[in-house]
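Here are some friendly notes to read alongside the model. Have it open in your viewer as you go through the points.

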Amino acid sequence: KTMPELMKLLHNNDLDLSFGITTDGECDWVEQKPVLQYRLCAVMRDTHPLSGRQTLSFSDLRMQRIILPEAGIRDQNAAEHFLTSKAKELRNCVFINDVNAILNILKMSNCVSILPEHIAEGDDGLVAVPISELDEPFTSMAYVKKCSFRKKSIDAFLGMLQ
């Protein structure tokens with residue numbers, strides 16, 4: 001789900017906990033807790049012509065077939081400031097609302113995606129190559145509703161993640 005959808009579910013008590021990069025605005029009814037820092041990388045299959053590179057620049061990706069998470073999805077939010085200015089330079093850019101579908105397409109094609117570095121860890125057939133212009137880490141946040149009943153399991157779960 002997109003961040004606005006997740007925040008609405010959290011606000012309506014349909015969720016106890018949500019994860020994301022940004023709430024798309026300040027929410028005084030939400031408590032935010034940092035969970036994970038990560039970098040975005042170019043993710044591709046391990047036989048892709050660029051897969052052996054140590055780093056890539058955005059110009060290296062300009063002529064590649066790019067698949068990105070749909071706007072509003074956490075990883076797209078994280079890269080949005082970068083991609084907004086560069087997206088018009090991307091060739092054959094497709095947006096998909098399912099990271100697992102993106103990964104399956106990457107394994108069967110020479111497409112590239114821009115995803116968190118840990119997506120490719122332990123996934124045979126995929127590699128993550130750092131992008132020089134995306135060297136600043138992003139912080140994944142946990143969101144819980146303030147001033148409402150909180151299950152002990154939520155705090156225990158967040159403690160395990162941290």
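The numbered points below cover strands, cores, salt bridges, an aromatic pair with its surface patch, and two backbone angles.

1. First, a word on the source: this is a predicted model. Please read each value below with that in mind.

2. Let us begin with strand E6, residues 112-116. Five of its five residues are buried, so the strand is mostly covered. E6 has strand E3 (residues 40-45) as an antiparallel partner, with four bridges between them. One place to look is Leu 40, which stands opposite Pro 116 of E6. Strand E4 (residues 65-69) also pairs with E6, here in the parallel sense and through two bridges. On that side, Ile 66 has Val 112 in E6 as its bridge partner.

3. The strands of the previous point return in the largest nonpolar core. Which residues touch the most other members of this core? They are Ala 42, Met 44, Leu 56, Leu 61 and Ile 114, out of 16 residues in the core. At least two residues come from each of E3, E4 and E6, and E3 gives the most, with three. Another core, of 10 residues, lies apart from this one and includes Val 43, Leu 106, Cys 111 and Ile 119. As general background, nonpolar side chains tend to be buried together in soluble globular proteins.

4. On to the charged side chains, where the structure holds six salt bridges. As a reminder, side chains of opposite charge can pair when their charged atoms come close. Arg 53 and Asp 60 make one of these bridges, with 3.1 Å between the closest N and O atoms. Is Arg 53 buried, partly exposed or exposed? Its relative accessibility is 38%, so Arg 53 counts as partly exposed. Asp 60, at 25%, counts as partly exposed too.

5. A salt bridge worth finding in the viewer is that of Lys 107 with Asp 123, whose closest N and O atoms are 2.9 Å apart. This pair links distant parts of the chain, 16 residues apart: Lys 107 belongs to helix H4 (residues 99-108), and Asp 123 to the loop between E6 and strand E7 (126-130). The two partners fall into separate accessibility classes: Lys 107 is partly exposed at 34%, whereas Asp 123 is buried at 19%. Do keep the cut-off in view here, because buried means under 20% relative accessible area.

6. Arg 150 and Asp 155 also meet through their side chains, in a salt bridge of 2.9 Å from N to O. Asp 155 is partly exposed, with a relative accessible area of 40%, and Arg 150 is partly exposed at 25%. Which residues share a network with this pair? Glu 31 and Lys 33 are linked with Arg 150 and Asp 155 in a network of salt bridges.

7. For aromatic contacts, a search of the whole structure finds one pair. Phe 19 and Phe 157 form this pair, with 6.3 Å from centre to centre and 75 degrees between the planes, an edge-to-face arrangement. It links distant parts of the chain, as Phe 19 lies in strand E1 and Phe 157 in helix H5, 138 residues apart. Phe 19 is partly exposed, with a relative accessible area of 31%, and Phe 157 is partly exposed at 33%.

8. The same two rings turn up at the surface. Phe 19, Phe 157, Met 160 and Leu 161 make a nonpolar surface patch of about 370 Å². Helix H5 (residues 152-161) gives the most to the patch, with three residues. Phe 19 comes from strand E1, residues 18-20.

9. Last, the backbone. Most residues other than glycine have a negative phi. Where should one look for a positive value in a residue other than glycine? Asn 13 has a phi near 65 degrees; this residue sits in the loop between helix H1 (3-11) and E1, and counts as exposed at 52% relative accessibility. Cys 147, also not a glycine, has a positive phi of about 55 degrees. Cys 147 is found in the loop between strand E8 (138-145) and H5, and is exposed, with a relative accessible area of 86%.

Technical notes. Residues numbered from 1 in each chain as written. Predicted model: local features only at pLDDT ≥ 70, side-chain atom pairs only at ≥ 80, totals over all residues. Heavy atoms only, no water. Buried < 20%, exposed > 50% of the residue type's maximum accessible area, 1.4 Å probe, protein only. Pairing = 2+ DSSP bridges. Salt bridge = Lys/Arg side-chain N within 4 Å of Asp/Glu carboxyl O. Core = buried A, V, L, I, M, F, W, Y, C linked by side-chain atoms within 4.5 Å. Patch = residues over 30% accessible without salt bridge, like charges linked within 9 Å, V, L, I, M, F, W, Y side chains within 5 Å. Areas by Shrake-Rupley, 256 points an atom, 1.4 Å probe, with all protein chains shown as cover. Phe/Tyr/Trp six-rings, centres within 6.5 Å; stacked < 30°, edge-to-face > 60°.
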